[in-house]
Amino acid sequence: MYNGSKGVAASHLHKGGIVNILQLEYFLAACETRSFTKAAVECYTSRQNLSRTVRALERELGARLFVQNGNELALTIEGDEARSRAERIFVEVRGLKQAFTKSDSGRVLSVLIGMNIINCGPYDILSAKVNN
């Protein structure tokens with residue numbers, strides 16, 4: 001794993017894993033909607049998966065990011081700081097994607113299609129599209 005310091009391994013910098021973009025995406029969706037259920041719909045995943053992913057982010061950061069406030073989620077002080085930093089990270093990620101997806105640059109573009117098999121159900125989506 002690279003930590004930005006001349007290729008030095010960063011595995012000793014974390015306890016059990018690393019913070020990843022998906023964790024931040026789910027976290028920001030929950031911040032915006034103030035609900036794991038609504039955020040899950042927005043992110044095309046299950047509430048359980050989104051909640052589990054945000055809890056993993058909390059464990060990795062060593063801080064509680066949300067508290068339940070009635071029917072809504074409320075950010076803790078640490079959660080507000082994490083939201084601010086996650087938003088800045090996403091600005092950089094979008095810039096990186098845009099820098100490499102300009103179709104007029106002569107670069108070959110690739111499309112990544114992902115599917116959460118666990119939440120897909122008994123539907124054979126690809127066969128249905130091909131056979132129609």
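How many residues apart are aspartate 80 and arginine 83 in helix α4, and what separation in helical turns does this give? They are three residues apart, which means that about one helical turn separates them. This briefing concerns a predicted model, in which the protein has 132 residues. Its secondary structure comes to six helices and two strands.

**Overall organisation**

- Read from the start of the sequence to its end, the elements follow the pattern α-α-α-β-β-α-α-α.
- Of the residues of the protein, 27% count as buried.
- Among contacts with a separation of 6 or more, 45% are made by residues 24 or more positions apart along the sequence.
- The protein exposes about 10000 Å² of surface, and carbon and sulfur atoms supply 55% of this area.

**Helix α4**

- Helix α4 covers residues 77–99 and has 23 residues.
- From its first C-alpha to its last, helix α4 reaches 34 Å, a span close to the 33 Å expected at 1.5 Å a residue.
- The residues Gly79, Ala82, Ala86, Phe90 and Val93 of helix α4 are buried.
- The cover over these buried residues includes two helices, α1 (21–33) and α3 (47–61), together with the strand β2 (72–75).

**Salt bridges in helix α4**

- Side chains of opposite charge can pair when their charged atoms come close.
- A search of the whole structure finds four salt bridges, and the pairs described below are among them.
- Aspartate 80 and arginine 83 meet through their side chains in a salt bridge, with an N to O distance of 2.7 Å.
- Aspartate 80 has a relative accessible area of 38% and is therefore partly exposed, since this value lies between the limits of 20% for buried and 50% for exposed.
- Arginine 83 is also partly exposed, with a relative accessible area of 22%.
- Arginine 83 forms a salt bridge with glutamate 87 as well, and here the closest N and O atoms are 3.0 Å apart.
- Glutamate 87 and arginine 83 both lie in helix α4, four residues apart, which is about one turn of the helix.
- Glutamate 87 is partly exposed, with a relative accessible area of 38%.
- Asp80, Arg83 and Glu87 are thus linked in a network of salt bridges.
- Another salt bridge joins the side chains of arginine 85 and glutamate 81, at 2.5 Å from N to O.
- Arginine 85 and glutamate 81 are both part of helix α4 and lie four residues apart, about one turn of the helix.
- Arginine 85 counts as partly exposed at 48% relative accessibility, and glutamate 81 counts as partly exposed at 40%.

**Alanine 29 in helix α1**

- Alanine 29 lies in helix α1, and this helix is one of the elements that cover the buried residues of α4.
- Is alanine 29 buried or exposed? Alanine 29 is buried, because its relative accessible area of 5% falls under the 20% limit.
- Leaving aside residues up to four places away in sequence, alanine 29 touches Ala39, Glu42 and Cys43.
- Alanine 29 and valine 41 are twelve residues apart along the chain, and their C-alpha atoms are separated by 9.7 Å.

Definitions and conventions:
Residues are numbered from 1 along each chain as its sequence is written. This is a predicted model: local features need pLDDT of at least 70, side-chain atom pairs count only at pLDDT 80 or more; totals for chains, interfaces and linings use all residues. Side-chain values use heavy atoms; hydrogens and water are left out. The expected span of a helix is 1.5 Å times one less than its number of residues. Buried means under 20% relative accessible area, exposed over 50%, partly exposed in between (1.4 Å probe, protein chains only). Contact means heavy atoms within 4.5 Å. Accessible areas come from the Shrake-Rupley method with a 1.4 Å probe; for residues, only the protein chains shown count as cover.
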